[in-house]
Amino acid sequence: MIYLQIVISLLVQIFALLFLFFSRERESSGKKWKKWFVIVLSFVLTIVVVVIARICSKNLLDFTKVIMLYQIIYCSAVIDYRKKIIPNVLIAFGTGFQIICFFFQIGWYQDDWKIILIQEFVGFLMGAGVLFLVYLFSKKAIGIGDIKLFGVIGITCGFQHTYTILFLSVLLAACYGIYLVLFKKQKKDCEIAFAPFILMGYITSIIISIL
(Lines give C-alpha, C1' and ligand atoms only; values in the text may rest on other atoms or scores of the structure.)
Protein backbone atom coordinates (compact mmCIF):
# COMPACT_ATOMS: atom_id res chain seq x y z
CA MET A 1 0.00 0.00 0.00
CA ILE A 2 2.94 2.32 0.53
CA TYR A 3 3.46 2.66 -3.23
CA LEU A 4 -0.16 3.72 -3.74
CA GLN A 5 0.21 6.26 -0.94
CA ILE A 6 3.32 7.71 -2.58
CA VAL A 7 1.59 7.93 -5.96
CA ILE A 8 -1.51 9.54 -4.45
CA SER A 9 0.62 12.05 -2.52
CA LEU A 10 2.58 13.03 -5.64
CA LEU A 11 -0.53 13.38 -7.80
CA VAL A 12 -2.32 15.52 -5.23
CA GLN A 13 0.82 17.63 -4.74
CA ILE A 14 1.12 18.23 -8.49
CA PHE A 15 -2.57 19.15 -8.65
CA ALA A 16 -2.14 21.69 -5.85
CA LEU A 17 0.95 23.31 -7.38
CA LEU A 18 -0.66 23.54 -10.82
CA PHE A 19 -3.77 25.09 -9.31
CA LEU A 20 -1.70 27.68 -7.45
CA PHE A 21 0.36 28.40 -10.56
CA PHE A 22 -2.66 29.07 -12.77
CA SER A 23 -4.54 31.02 -10.11
CA ARG A 24 -1.76 33.43 -9.13
CA GLU A 25 -1.55 36.94 -10.45
CA ARG A 26 1.32 38.03 -12.64
CA GLU A 27 4.33 38.80 -10.49
CA SER A 28 7.33 40.98 -11.17
CA SER A 29 10.77 39.41 -11.45
CA GLY A 30 11.64 40.76 -8.01
CA LYS A 31 9.06 38.48 -6.42
CA LYS A 32 10.08 35.18 -7.98
CA TRP A 33 11.52 34.02 -4.66
CA LYS A 34 7.99 33.94 -3.28
CA LYS A 35 6.96 31.37 -5.89
CA TRP A 36 9.85 29.10 -4.94
CA PHE A 37 9.15 29.63 -1.26
CA VAL A 38 5.57 28.45 -1.78
CA ILE A 39 6.77 25.38 -3.68
CA VAL A 40 9.40 24.41 -1.10
CA LEU A 41 7.03 25.03 1.81
CA SER A 42 4.36 22.96 0.09
CA PHE A 43 6.69 19.97 -0.32
CA VAL A 44 7.99 20.18 3.25
CA LEU A 45 4.52 20.37 4.75
CA THR A 46 3.30 17.60 2.43
CA ILE A 47 6.05 15.28 3.69
CA VAL A 48 5.05 16.02 7.28
CA VAL A 49 1.37 15.41 6.56
CA VAL A 50 2.08 12.21 4.58
CA VAL A 51 4.13 10.76 7.44
CA ILE A 52 1.40 11.59 9.95
CA ALA A 53 -1.34 10.29 7.64
CA ARG A 54 0.47 6.97 7.28
CA ILE A 55 0.55 6.62 11.06
CA CYS A 56 -3.02 7.61 11.88
CA SER A 57 -4.94 6.31 8.82
CA LYS A 58 -6.83 3.03 9.06
CA ASN A 59 -6.94 2.44 5.30
CA LEU A 60 -6.06 3.95 1.94
CA LEU A 61 -9.27 5.99 1.79
CA ASP A 62 -8.58 7.66 5.13
CA PHE A 63 -5.04 8.41 3.99
CA THR A 64 -6.28 9.96 0.75
CA LYS A 65 -8.83 12.11 2.61
CA VAL A 66 -6.16 13.51 4.93
CA ILE A 67 -3.82 14.35 2.04
CA MET A 68 -6.54 15.81 -0.18
CA LEU A 69 -8.02 17.95 2.58
CA TYR A 70 -4.57 19.24 3.47
CA GLN A 71 -3.91 20.34 -0.12
CA ILE A 72 -7.33 22.02 -0.37
CA ILE A 73 -6.64 23.96 2.83
CA TYR A 74 -3.08 24.75 1.71
CA CYS A 75 -4.24 26.16 -1.64
CA SER A 76 -6.96 28.13 0.16
CA ALA A 77 -4.39 29.53 2.60
CA VAL A 78 -1.99 30.67 -0.12
CA ILE A 79 -4.71 32.32 -2.22
CA ASP A 80 -6.40 33.85 0.82
CA TYR A 81 -3.08 35.33 1.88
CA ARG A 82 -2.49 36.78 -1.59
CA LYS A 83 -5.98 37.95 -2.52
CA LYS A 84 -8.14 37.72 0.65
CA ILE A 85 -10.46 35.26 -1.05
CA ILE A 86 -11.04 31.50 -1.08
CA PRO A 87 -12.02 30.22 -4.56
CA ASN A 88 -15.37 28.47 -4.78
CA VAL A 89 -13.78 25.87 -7.07
CA LEU A 90 -11.78 24.55 -4.10
CA ILE A 91 -14.93 24.32 -2.00
CA ALA A 92 -16.80 22.55 -4.80
CA PHE A 93 -13.92 20.15 -5.38
CA GLY A 94 -13.65 19.32 -1.67
CA THR A 95 -17.39 18.72 -1.42
CA GLY A 96 -17.45 16.56 -4.55
CA PHE A 97 -14.46 14.55 -3.34
CA GLN A 98 -16.16 13.85 -0.01
CA ILE A 99 -19.31 12.69 -1.80
CA ILE A 100 -17.19 10.20 -3.76
CA CYS A 101 -15.55 9.07 -0.51
CA PHE A 102 -19.00 8.56 1.01
CA PHE A 103 -19.98 6.08 -1.71
CA PHE A 104 -16.62 4.30 -1.35
CA GLN A 105 -17.20 3.97 2.39
CA ILE A 106 -20.64 2.40 2.03
CA GLY A 107 -19.83 0.39 -1.11
CA TRP A 108 -16.24 -0.80 -0.72
CA TYR A 109 -15.73 -0.66 3.05
CA GLN A 110 -19.35 -1.54 3.95
CA ASP A 111 -19.65 1.25 6.54
CA ASP A 112 -23.06 2.23 7.92
CA TRP A 113 -24.29 5.12 5.74
CA LYS A 114 -26.53 6.49 8.50
CA ILE A 115 -23.63 6.86 10.92
CA ILE A 116 -21.49 8.49 8.22
CA LEU A 117 -24.22 11.03 7.36
CA ILE A 118 -24.77 11.89 11.01
CA GLN A 119 -21.02 12.37 11.56
CA GLU A 120 -20.73 14.56 8.48
CA PHE A 121 -23.81 16.63 9.38
CA VAL A 122 -22.66 17.22 12.95
CA GLY A 123 -19.17 18.05 11.70
CA PHE A 124 -20.63 20.52 9.23
CA LEU A 125 -22.60 22.23 12.00
CA MET A 126 -19.49 22.35 14.18
CA GLY A 127 -17.46 23.99 11.44
CA ALA A 128 -19.63 26.07 9.12
CA GLY A 129 -22.46 26.50 11.61
CA VAL A 130 -20.34 27.97 14.40
CA LEU A 131 -18.47 30.29 12.04
CA PHE A 132 -21.72 31.41 10.45
CA LEU A 133 -22.97 32.50 13.89
CA VAL A 134 -19.70 34.37 14.39
CA TYR A 135 -20.22 35.96 10.98
CA LEU A 136 -23.71 37.14 11.95
CA PHE A 137 -22.87 38.51 15.40
CA SER A 138 -19.41 39.96 14.79
CA LYS A 139 -20.12 42.40 11.96
CA LYS A 140 -18.77 39.99 9.33
CA ALA A 141 -15.37 39.52 10.97
CA ILE A 142 -15.25 36.10 9.29
CA GLY A 143 -15.41 35.75 5.51
CA ILE A 144 -17.96 33.59 3.70
CA GLY A 145 -15.07 31.66 2.13
CA ASP A 146 -13.79 30.68 5.59
CA ILE A 147 -17.26 29.40 6.50
CA LYS A 148 -17.46 27.32 3.31
CA LEU A 149 -13.96 25.93 3.89
CA PHE A 150 -14.88 24.84 7.40
CA GLY A 151 -18.00 23.25 5.96
CA VAL A 152 -15.75 21.03 3.83
CA ILE A 153 -13.54 20.33 6.85
CA GLY A 154 -16.61 19.44 8.90
CA ILE A 155 -18.05 16.88 6.47
CA THR A 156 -14.60 15.36 5.99
CA CYS A 157 -13.35 15.21 9.58
CA GLY A 158 -16.47 14.88 11.72
CA PHE A 159 -17.29 16.69 14.96
CA GLN A 160 -14.30 16.05 17.24
CA HIS A 161 -11.53 16.74 14.75
CA THR A 162 -13.34 19.76 13.34
CA TYR A 163 -13.76 21.17 16.84
CA THR A 164 -10.01 20.82 17.45
CA ILE A 165 -9.12 22.48 14.13
CA LEU A 166 -11.56 25.33 14.77
CA PHE A 167 -10.29 25.93 18.29
CA LEU A 168 -6.63 25.94 17.22
CA SER A 169 -7.31 28.14 14.18
CA VAL A 170 -9.16 30.77 16.21
CA LEU A 171 -6.54 30.65 18.96
CA LEU A 172 -3.64 31.13 16.54
CA ALA A 173 -5.44 33.93 14.68
CA ALA A 174 -6.27 35.68 17.98
CA CYS A 175 -2.65 35.47 19.15
CA TYR A 176 -1.46 36.91 15.85
CA GLY A 177 -4.04 39.70 16.01
CA ILE A 178 -2.98 40.61 19.55
CA TYR A 179 0.66 40.66 18.43
CA LEU A 180 -0.15 43.05 15.57
CA VAL A 181 -2.07 45.41 17.84
CA LEU A 182 0.44 45.40 20.70
CA PHE A 183 3.41 46.06 18.45
CA LYS A 184 1.41 48.45 16.27
CA LYS A 185 2.07 46.47 13.10
CA GLN A 186 -1.47 47.12 11.86
CA LYS A 187 -4.65 48.85 13.04
CA LYS A 188 -7.27 47.09 15.15
CA ASP A 189 -9.75 46.93 12.28
CA CYS A 190 -7.25 45.52 9.75
CA GLU A 191 -8.29 42.55 7.62
CA ILE A 192 -6.36 39.35 8.29
CA ALA A 193 -6.51 36.27 6.07
CA PHE A 194 -7.93 33.45 8.21
CA ALA A 195 -7.20 30.47 5.94
CA PRO A 196 -3.44 30.37 6.80
CA PHE A 197 -4.44 29.90 10.46
CA ILE A 198 -6.86 27.16 9.42
CA LEU A 199 -3.91 25.45 7.73
CA MET A 200 -1.78 25.74 10.87
CA GLY A 201 -4.70 24.53 12.97
CA TYR A 202 -5.23 21.52 10.69
CA ILE A 203 -1.57 20.47 10.72
CA THR A 204 -1.33 20.98 14.48
CA SER A 205 -4.48 18.93 15.06
CA ILE A 206 -3.24 15.91 13.09
CA ILE A 207 0.10 16.10 14.92
CA ILE A 208 -1.77 16.09 18.23
CA SER A 209 -3.81 13.09 17.06
CA ILE A 210 -0.73 10.84 17.00
CA LEU A 211 0.70 11.96 20.35
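Student: Which are the buried residues of α1?
Tutor: They are Q5, I8, S9, V12, Q13, A16, F19, L20 and S23. Buried means under 20% relative accessible area, exposed over 50%, partly exposed in between (1.4 Å probe, protein chains only).

Student: Why do they line one face of the helix?
Tutor: Seen down the axis of α1, the buried residues fall within an arc of 130 degrees, so one face holds them. The arc is that of the directions from the helix axis to the C-beta atoms. On the other side of α1, Y3, L11 and F22 are exposed.

Tutor: A note on the source. This is a predicted model: local features need pLDDT of at least 70, side-chain atom pairs count only at pLDDT 80 or more, and totals for chains, interfaces and linings use all residues. Residues are numbered from 1 along each chain as its sequence is written, and side-chain values use heavy atoms, leaving out hydrogens and water.

Student: How do you know that the span of helix α1 agrees with its 22 residues?
Tutor: The rule is 1.5 Å times one less than the number of residues. For residues 2-23 that should give 32 Å, and the end C-alpha atoms are 32 Å apart, so the two agree.

Student: How many helices and strands does the protein have?
Tutor: Seven helices and zero strands. Both are DSSP runs, numbered from the N terminus: helices are H or I, at least four residues, and strands are E, at least two.

Student: What makes the radius of gyration agree with a compact globule?
Tutor: The globule rule is 2.2 Å times the number of residues to the power 0.38, over C-alpha atoms. For 211 residues it gives a value near 17 Å; the protein has 17 Å, which agrees. Buried residues make up 42% of the 211.
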